[in-house]
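Hi,

Here is the structure I promised to pass on, with my notes on what turned up. Have it open while you read, and shout if anything is unclear.

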Amino acid sequence: MNLQDEINQLNPMQKKAVLNTEGPMLVLAGAGSGKTRVITVRTAHLLNLGTSPENVLAVTFTNKSAQEMKRRVSSLLGRGNSKGRLMVSTFHSLCLSILRHNAKHIGYKNNFSIFDTSDQLSVIRNILSDIKFVDKNFKADAILEKISLMKNTDPINHKNPLSNHDPLYDVLEILYPRYVETTQTLNAMDFDDLIVNTIKLFKTNPDILEKYCNKYRYIMVDEYQDTNTVQYQLIKQLAHPRENLCVVGDDDQSVYAWRGANPGNILNFERDYPDAVVIPLEQNYRSTGNILTVANTVIKNNKKRMEKTLWTDKGLGAKVYIMKASDEVDEAQWTAQRISTLALEKTIPYESFAIMYRANIFSKLFEAELRNLKIPYTVIGGTSYFDRKEIRDIIAYLKLIANTDDAVSLLRIANIPRRGLGNTTINQLKEHADANNIQLFNAFEASNNPHAVEFTELIAHYRDIFSSGKDMRMAMASLIKEIDYNEYIYSLYKSNTIALKRIENVTGFIDTIERFCGDGTILLPELLERLALNDNPYETKEESVGVTLISLHSAKGLEFPVVFISGVEDGIIPHKKSVVVTGGIEEERRLFYVGVTRAMNILFLTYTSFRKKYGKSSPSFTSEFINELPKSAIMYVNRNEDNAMEDDQTVKAHMERIRKILG
DNA sequence: GAATCACGCATTTTT
DNA sequence: TGCGTGATTC
């Protein structure tokens, strides 16, 4: 299908958004309203009008959506067309590429490292121990969260986000500058720094900013409701003065305030850009009528939102089913049984089902019950492959090889595998480095400890090997062999099976790396960037197998024919801890709304009478959101006479549709 | 440096 | 309840 046909098929609002290419525009894209389609067709249209692809910048939050967007734009324009020159990028990778070219202007070397969360935690723990600050009430991860919030809200004026009654307030006043100083000394940036430092770069070097402003004449931002204050500032800087800025988002799906997202960015768009055109997309192409009625009714209870009502021409469809289980085991069994029945009797593929929950911990019981019934499933989220100790160790080697100033990586692996560099020796070296104001690595080099010197020689040797651009796999394999990492793993774990598994992980990691590299060879710094930003341009998108188990947060952006939202109980949704913080009950309601609007044809809401919490069973109470549901669109299903659905002709008709859709 | 134990804590997560 | 951390001990 060519572009013009594609445009002709859009609904009037979508078409308006696509054809309006100049000036600021807010596309208020309701759930399932064809948002991605609008963005991609709009981009293709822009290019088709003669705009050069290098003058267009599209910003997303995840690499996955960036890749998806590139793919769709290039398929709209036909092959060989501009895919490579079009800048579709995440906030972080955009900033990273800007900073790599301009590192010296903000006091960094261009081989700066990117620190992930665990690197950040190490920095904080080191500072705490340096200043001999011991207080169990101040945990590194709580401090980190606040530091991140501080950076994301007001990095330049160092505005403390806490009230001065908060016990963490004073700690943060001391730690924040120290943390910033330390990371800079280590020639490292954390994820927040990537954005913050870009803003600073632009503030202090208007000429550099101007260059980028001239380059990016048309800017699009996806998921605008998730932008935080610094991302907002960045976009504002870049869009000036043309303001050909198209932001797309849905304030009702803003569920990341707790990590700094500022829904005010979308709510205030018209105030910030007075000439803005606002286009609401309210026709929903995903869900049937009753599901949308439930979604609309619930979300209307939020006060701070932009008014919109989703509608569909699909008809009412099945009612939203509500199941009250006796306890969490019953809930999981019931859900698994329902899936089994629907799958077998109505021949719905398992891939059409999703079970959603507020917290990943809840996946356990569902997994067990699905296993019981031999139903295949995929759990999304949880701890990442890259968080494993053995993978982190190897990555620490690579990071140190790429940036010897990275003392966090250095300290991680100085004695892994053991090479006679115990705590005492390392502390002496640290003191020596501090006293002489030199990098720790240089203190190792200059030390009269042969182990320390040998270690730096090893790193230097591999620095040469990796920078020569030789085969990455060979270099890695040889490094792992030279340090005898496998032997170390065997010595670490008593059980051979566990040790073998860990070793397999390391081998698997080398394979993963190869996939990150694609056909061509890339150098170590680029590999590390891709690893840090989780950006694998060669990853083949694999269809997940079986029933999807997923948190409500992770489900944003996805859709499934049949959805179960579990644990719709007071304290879970809304979560007891969320009610008192940033987003409060309204954000919880949005999260629930996100879950509801994932469902295409059938939606179940489940909750319990009793639930085991921390080992002991206590009564659970229905979520207030259940009470907000419109009576006309819902139907209660009883455990003992669980046959209501089978008699429901609408369900049969809709199952028929699902089968058709899925071929 | 390793093994053991007690204690405390317990959303959401991408980059 | 169950895991991860940190202290304690050998």
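Let's start inside the protein: Ile39, Ala58, Val59, Thr60, Met69, Met220, Val221, Asp222 and Val248 line the largest cavity. Two elements, β2 (56-60) and β6 (218-221), each give two or more residues to that lining. The biggest contributor is β2, with 3 residues. By type, the lining of the largest cavity splits into 7 nonpolar residues, 1 polar and 1 charged. The volume of this cavity is about 40 Å³, and the count of cavities of 30 Å³ or more comes to 1. Bear in mind that this is a predicted model.

Next, the pockets. The second largest one has a volume of about 790 Å³. It is lined by 23 residues, and Asp130, Thr182, Leu186, Lys430 and Asp434 are the closest to its centre. Where does the lining of the second largest pocket come from? Four helices supply at least two residues each: α6 (117-130), α8 (168-185), α18 (407-413) and α19 (423-436). The mix here is 9 nonpolar, 7 polar and 7 charged residues.

Now for the DNA, which you'll probably want to look at yourself. There are 26 residues around DNA strand B, and the ones that come nearest are Phe61, Arg358, Asn360, Arg418 and Ser551. The surface near the strand is made up of 7 nonpolar, 14 polar and 5 charged residues. If you take the atoms of DNA strand B within 4 Å of the protein, 48% belong to sugar or phosphate, and the rest belong to bases.

A few contacts to the backbone of that strand are worth pulling up on screen:

- Ser551: a polar side-chain atom lies 2.6 Å from a phosphate oxygen of DNA strand B.
- Asn534: a polar side-chain atom is 3.1 Å from a phosphate oxygen of DNA strand B.
- His575: an N or O atom in the side chain is 3.4 Å from a sugar or linking oxygen of DNA strand B.

Last, a quick look at helix α17 (residues 389-402). With 14 residues at 1.5 Å a residue, α17 should span 20 Å, and its end C-alpha atoms are indeed 20 Å apart, so the two agree. Is α17 mostly covered or mostly open? Mostly covered: 12 of its 14 residues are buried. The buried ones run from Glu390, Ile391 and Arg392 through Asp393, Ile394, Ile395, Ala396, Tyr397, Leu398, Lys399 and Leu400 to Ile401.

Cheers

Terms used. Residues numbered from 1 in each chain as written. Chains lettered and ligands numbered in written order. Predicted model: local features only at pLDDT ≥ 70, side-chain atom pairs only at ≥ 80, totals over all residues. Heavy atoms only, no water. Expected span 1.5 Å × (residues − 1). Buried < 20%, exposed > 50% of the residue type's maximum accessible area, 1.4 Å probe, protein only. 1 Å grid on protein atoms, 1.4 Å probe; cavity = no way out; pocket = protein on both sides within 12 Å on 5 of 7 lines; lining within 4 Å. Points joined across faces, edges and corners; volume = space filled by probe spheres on them. Nonpolar A, V, L, I, M, F, W, Y, C, P; charged D, E, K, R; others polar. Near = heavy atom within 4 Å. Polar contact = N/O pair within 3.5 Å; in protein donor to acceptor, adjacent residues only side chain to side chain.
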